[in-house]
Amino acid sequence: MNSKCEILTLADLCQYLKENDNYLVLTHASPDGDTLGSAYALKYGLKKLGKKVQVICPDEIPHKYDYFIDDSECDFIPETVVAVDVADIKLLGDLWERFVGRIDLNIDHHVSNTHYAKRLYLEENAAATAESVYEILDELGVEFDRKIANALYTGLSTDTGCFKYANVTVRTHEIAAKLHALGIDAADINRIMFDTKSKSRVKMEMMVLNGAEFHFDDRCMMLAVTLDIQKKTGCTKSDMEGVASMSRSVEGVLVGVAIKETEKDVFKISLRTYDPLDASAICKKLGGGGHKAAAGCTVNGTLAQAKAAILSAIKQALEEADAGSSITE
Ligand SMILES: [Mn+2]
């Protein structure tokens, strides 16, 4: 935690954005709809105010986001570095060492934010960083257009599982309604984001579900996407998004776990939890973090060791939850 990190109000933030220029906007690695939608909406909005802005993503951007990505006019030397939807400097992936101590501003909504930037605008109750970016551009007096609206709607929709998750608030719907009014392609966006799968993804799901494990009276469902499965099905990094959410459809499951082998003996673990479990608290025990209902961590070792580590953290959380409920009953 950086004590020198200045916490900004919306007014401070807007002042800062007006006073500075030549922005470099960074997304997190393994980009999702929120980090990309927020970054590009911020870019298009600031450009309308006459600023120069370019976005850099540490990884290749999946083609499914093409409808709101425009990387033209990037010929300038960046001065002000902004990270959006990036809770920890290490989530910049291969770029993190280059930007350590050099992030001027961080706009985020993760409770686990590590305050690594010089300035932070953090709205922990926002369902998506895109909600904050909407408010910021509105406060700056930016005239919204369809391109901005498509980017922001993508952020809202993807971080809320198509407006289904517990993080959705009245404000989420209000902002979505305002974006709708700008003529966005909501149905097309949601089909691309939620209903369209590659054949490799379908094959991967079949293999992963075949090996599904249930623990703790079937309250925990665990799925593993090993390197072997990835090789056999040809699934890409973006094909592996949202595996943990597959647990949502299984009756009685309180915690869904997806274990992805990213390289030999390195496992990226994603958790989805339902009340009263706190995914961020469980992942924190293994050095990770995130949101209450969705979080992650990385474990090194064998697959068996990775499974044992996360199961032990979950077991403890379930025991604590059981103890808590017996007190209140
Ligand atoms: Mn987000």
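Biologist: Which residue of β6 is the bridge partner of glutamate 6?
Modeller: In this predicted model, arginine 119 in β6 is the bridge partner of glutamate 6.

Biologist: How many bridges join β1 to β6, and why does that number count as pairing?
Modeller: Two bridges join β1 to β6, and the strands run parallel. Pairing requires at least two bridges, so β1 and β6 satisfy the criterion.

Biologist: In what order do the strands of the sheet with β1 and β6 lie, and which are called edge strands?
Modeller: The sheet is open and has six strands in the order β1-β6-β5-β4-β2-β3, with parallel pairing. The term edge strand applies to β1 (6-7) and β3 (53-56), each of which pairs on one side only.

Biologist: How do you know that α2 packs on this sheet, and what is its direction relative to β3?
Modeller: Helix α2 touches β2, β3, β4 and β5, and its direction makes about 170 degrees with that of β3. Angles over 145 degrees count as roughly antiparallel, so α2 and β3 fall into that class. Helix α4 packs on the sheet as well, where it touches β5 and β6, and its direction makes about 115 degrees with that of β5.

Biologist: Why is the arrangement of α2 and α4 described as roughly parallel?
Modeller: The axes of α2 (residues 33-48) and α4 (residues 129-139) come within 8 Å and cross at roughly 10 degrees. The cut-off for roughly parallel is under 35 degrees, so the crossing of α2 and α4 qualifies.

Biologist: Which residues make the contact between these helices, and how do they divide by character?
Modeller: From α2 come Asp34, Ser38, Ala41, Leu42 and Gly45, which meet Thr129, Ala130, Val133 and Leu137 of α4. Of the residues in this contact, five are nonpolar, three polar and one charged.

Biologist: What makes it correct to say that α4 is mostly covered?
Modeller: Eight of the 11 residues of α4 are buried, namely Thr129, Ala130, Glu131, Ser132, Val133, Tyr134, Ile136 and Leu137. Their cover includes α1, α2, β5, β6, α5 (146-159) and α6 (170-180). Glycine 141, which follows α4, has a positive phi near 80 degrees.

Biologist: Why can the buried residues of α1 be said to line one face of the helix?
Modeller: The buried residues in α1 (residues 10-19) are Leu13, Cys14, Tyr16 and Leu17. Viewed down the helix axis, they fall within an arc of 160 degrees, and therefore they line one face. Ala11 and Glu19, on the other side of α1, are exposed. Among the elements that cover the buried residues of α1 are β2 (23-26), α2, β4 (80-84), β5 (105-108), β6 (119-122) and α4.

Biologist: Which way do the residues of β2 point, and are they buried or exposed?
Modeller: Tyr23 and Val25 point one way from β2, whereas Leu24 and Leu26 point the other way, and all are buried. Side chains in a regular strand alternate between the two faces of the sheet. Four bridges join β2 to β3 in the parallel sense, and leucine 26 has isoleucine 56 as its bridge partner in β3.

Biologist: Where does asparagine 22 lie, and is it buried or exposed?
Modeller: Asparagine 22 lies in the loop between α1 and β2. Its relative accessible area is 15%, and the limit for buried is under 20%, so asparagine 22 is buried. Beyond its neighbours within four places in sequence, asparagine 22 is in contact with Lys52, Phe76, Ile77, Pro78, Glu79 and Thr80.

Biologist: Why does threonine 233 count as buried?
Modeller: Threonine 233, found in helix α9 (residues 227-233), has 6% relative accessibility, which is under the 20% limit, and therefore counts as buried. Not counting residues up to four places away in sequence, threonine 233 touches Ser200, Lys203, Met204 and Met207. Between threonine 233 and lysine 199, which are 34 residues apart in sequence, the C-alpha to C-alpha distance is 8.6 Å.

Biologist: In what order do the strands lie in the sheet with mixed pairing, and which are its edge strands?
Modeller: Six strands form this open sheet in the order β7-β8-β9-β10-β12-β11, and its edge strands are β7 (213-215) and β11 (289-290), each pairing on one side only. Within the sheet, β8 (residues 220-225) and β9 (residues 255-263) pair in the parallel sense over six bridges. Two bridges are the least that pairing requires, so β8 and β9 meet the criterion. Methionine 222 stands opposite valine 257 in β9.

Terms used: Residues are numbered from 1 along each chain as its sequence is written. This is a predicted model: local features need pLDDT of at least 70, side-chain atom pairs count only at pLDDT 80 or more; totals for chains, interfaces and linings use all residues. Side-chain values use heavy atoms; hydrogens and water are left out. Axes are lines fitted to C-alpha atoms, for helices over the stretch in contact, and angles run from 0 to 180 degrees between N-to-C directions. Angles under 35 degrees count as roughly parallel, over 145 as roughly antiparallel, 65 to 115 as roughly perpendicular and the rest as oblique. Contact means heavy atoms within 4.5 Å. Ala, Val, Leu, Ile, Met, Phe, Trp, Tyr, Cys and Pro count as nonpolar, Asp, Glu, Lys and Arg as charged, and the others, Gly among them, as polar. Buried means under 20% relative accessible area, exposed over 50%, partly exposed in between (1.4 Å probe, protein chains only). The arc is that of the directions from the helix axis to the C-beta atoms.
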